[in-house]
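User: Could you take me through the interior of this model, with a close look at the empty spaces inside it and the residues around them? I work with grids and probes, so please give the cut-offs as you go.

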Amino acid sequence: MGGGRWIEQWEPEDETFWRETGEKIARRNLLFSVISEHIGFSIWSLWSVMVLFMGPQYGVDPAGKFFLIGTATFVGALIRIPYTFAVARFGGRNWTVFSALLLLLPTGFAFTVMEPGTSYTTFVLVAALTGVGGGNFASSMTNINAFFPLRKKGWALGLNAGGGNIGVPVVQLIGLLVIGTAGAVHPRIVLGVYLPLIVIAAVCAALFMDNLAPVKNDTGAAKEAVRARHTWIMAFLYIGTFGSFIGYSFAFGLVLQTQFGRTPLQAASLTFIGPLLGSLIRPVGGSLADRHGGARITLGTFAAMAAATGVVIYASVIESLTVFLVGFIGLFVLSGLGNGSTFKMIPAIFLAQGHRKGLSGEVAEAYGRRLSGAAMGLIGAIGAIGGLGINLAFRQSFQASGTGTAAFVAFLVFYAACMVVTWAVYLRRPTAVPENAEAVTESEPRPGYAKV
């Protein structure tokens with residue numbers, strides 16, 4: 001994948017360069033990155049909609065449907081790792097074009113097989129193919145991370161991810177429209193809508209995006225990121241935020257059908273609300289983290305998620321759909337907020353690590369960019385695997401008891417663990433970072449430093 005539009009020099013931390021040249025280019029690339037990532041998320045979450053069309057004539061029980069969406073989640077999580085390194089290898093623009101066109105494969109196959117009589121194995125294989133849409137997030141975030149200065153990363157990464165996340169409720173809304181007008185026997189209409197949209201996203205990326213020549217794969221940075229304890233700590237926290245968002249997004253409609261006996265139309269009319277609100281608020285989480293520190297916002301988010309989970313457990317026990325919806329939609333909103341705040345923490349943490357090593361100025365900033373870029377792919381992949389855990393937990397809970405109560409109890413325990421880790425590692429000890437670096441607990445950072 002050679003050729004294309006290449007920018008040979010890129011210095012976003014230089015305020016003059018940013019004001020005169022960089023900001024306009026970065027914003028343009030952000031816009032078309034969002035479009036491509038948005039379509040990618042829609043395809044990745046396609047089976048959260050397809051299972052609503054799979055009535056008794058398909059011969060697939062609820063456990064089998066949870067496995068289908070879990071398969072898509074798992075493949076999408078794993079593929080994020082190679083996608084992270086593809087940007088530096090092929091260029092952000094070039095890879096965005098290729099990865100967008102690749103979405104034609106799972107969409108086209110789904111269009112072909114989506115009918116009663118198709119074997120369950122075939123459905124599993126096609127669901128696995130939709131995982132390529134999950135990889136788009138990793139390459140897009142790595143690409144946009146390189147375009148923006150540290151002081152703008154929380155906003156830019158939050159907007160990029162939030163715009164991509166909205167692909168989940170949008171495909172669910174399209175599914176609702178199809179079920180409400182043509183009925184639950186025409187899933188191919190949904191797929192037919194996305195085939196031309198995929199081509200449009202690829203063409204826009206080809207025409208309006210750029211490759212950054214200074215962005216290179218750094219195997220040393222990748223190895224150092226794997227060895228860094230903060231990579232794994234943040235991956236654990238991202239399981240709690242993004243893993244919750246994607247897991248709940250995929251499972252919400254099926255939970256409504258299975259536990260509360262909703263019809264496909266009734267489930268589809270509610271499914272999109274939570275993912276939509278969670279997507280819209282993700283940039284807010286990044287912006288709040290820019291101002292107040294990602295660790296503080298993340299800790300508050302996990303505390304609120306634990307409370308919302310308590311509401312869902314109560315609703316599940318008393319079998320109240322109204323209370324259940326209030327708690328569940330609250331979980332979506334809070335997970336979206338936490339997505340923004342946790343991802344903002346990553347570049348700030350590795351900048352702080354650079355200062356701990358005695359680095360300063362541009363050298364420390366370069367170190368932070370290297371390590372955070374390398375860590376983001378791994379953190380994003382592990383976080384997405386949390387979505388698989390949620391779907392498997394639901395599958396087991398419904399098989400054992402016919403409700404999701406036991407699964408929600410497990411999620412409550414996990415959110416409590418995330419609270420403890422966030423507080424203990426990033427808020428408890430101001431001395432965790434030396435005097436010549438920013439303390440991760442500062443509410444008002446010194447000039448030139450970012451809050452974790």
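Analyst: Happy to help; here is a walk through the cavities, the pocket, the core and two helices.

A word on the basis comes before the details. This is a predicted model, in which local features need pLDDT of at least 70 and side-chain atom pairs count only at pLDDT 80 or more, while totals for chains, interfaces and linings use all residues. Residues are numbered from 1 along each chain as its sequence is written, and side-chain values use heavy atoms, with hydrogens and water left out.

Let us start with the enclosed spaces. A cavity is a set of points, on a 1 Å grid over the protein atoms alone, where a 1.4 Å probe fits but cannot get out; lining residues have an atom within 4 Å of a point. Grid points are joined across faces, edges and corners, and a volume is the space filled by probe spheres set on the points. Searching the whole structure gives three cavities of 30 Å³ or more.

The largest cavity holds about 60 Å³. Around it sit E13, L150, K153, P347, L351, E365, G368, R369 and S372. Helices α9 (150-165), α17 (321-356) and α18 (361-401) each supply at least two residues of this lining, and the largest share, four residues, comes from α18. Helices here are DSSP runs of H or I with at least four residues, numbered from the N terminus. By class, the lining has three nonpolar, two polar and four charged residues. In this count Ala, Val, Leu, Ile, Met, Phe, Trp, Tyr, Cys and Pro are nonpolar, Asp, Glu, Lys and Arg are charged, and the others, Gly among them, are polar.

The second largest cavity has a volume of about 50 Å³. Its lining is made of S33, S36, E37, T96, S99, N136, S139 and S140, with two or more residues from each of α1 (15-44), α5 (92-102) and α8 (132-147). That lining has no nonpolar residues, seven polar and one charged.

Next comes the open space. A pocket is an open set of points with protein on both sides within 12 Å along at least five of seven lines. The largest pocket contains about 650 Å³. Of its 27 lining residues, A146, P214, V215, R369 and R370 lie nearest the centre. Two or more residues come from each of α4 (80-90), α8, α12 (219-227) and α18; α18 gives the largest share, seven residues. The classes are 12 nonpolar, five polar and 10 charged.

Now for the packing. A nonpolar core is a set of buried Ala, Val, Leu, Ile, Met, Phe, Trp, Tyr and Cys residues joined through side-chain atoms within 4.5 Å, where buried means under 20% relative accessible area with a 1.4 Å probe, protein chains only. The largest core has 123 residues, and W47, Y248, F324 and F394 have the most contacts inside it. Helix α13 (residues 229-260) provides the largest share, 16 residues.

Finally, two helices. The 17 residues of α3 (residues 62-78) should span 24 Å at 1.5 Å a residue, and the end C-alpha atoms are 25 Å apart, which agrees; the expected span is 1.5 Å times one less than the number of residues. Because 12 of those 17 residues are buried, α3 is largely enclosed by the rest of the structure. Helix α10 (residues 167-181) reaches 21 Å, close to the 21 Å expected, and just after α10, G183 takes a positive phi of about 100 degrees.

Conventions: Buried < 20%, exposed > 50% of the residue type's maximum accessible area, 1.4 Å probe, protein only.
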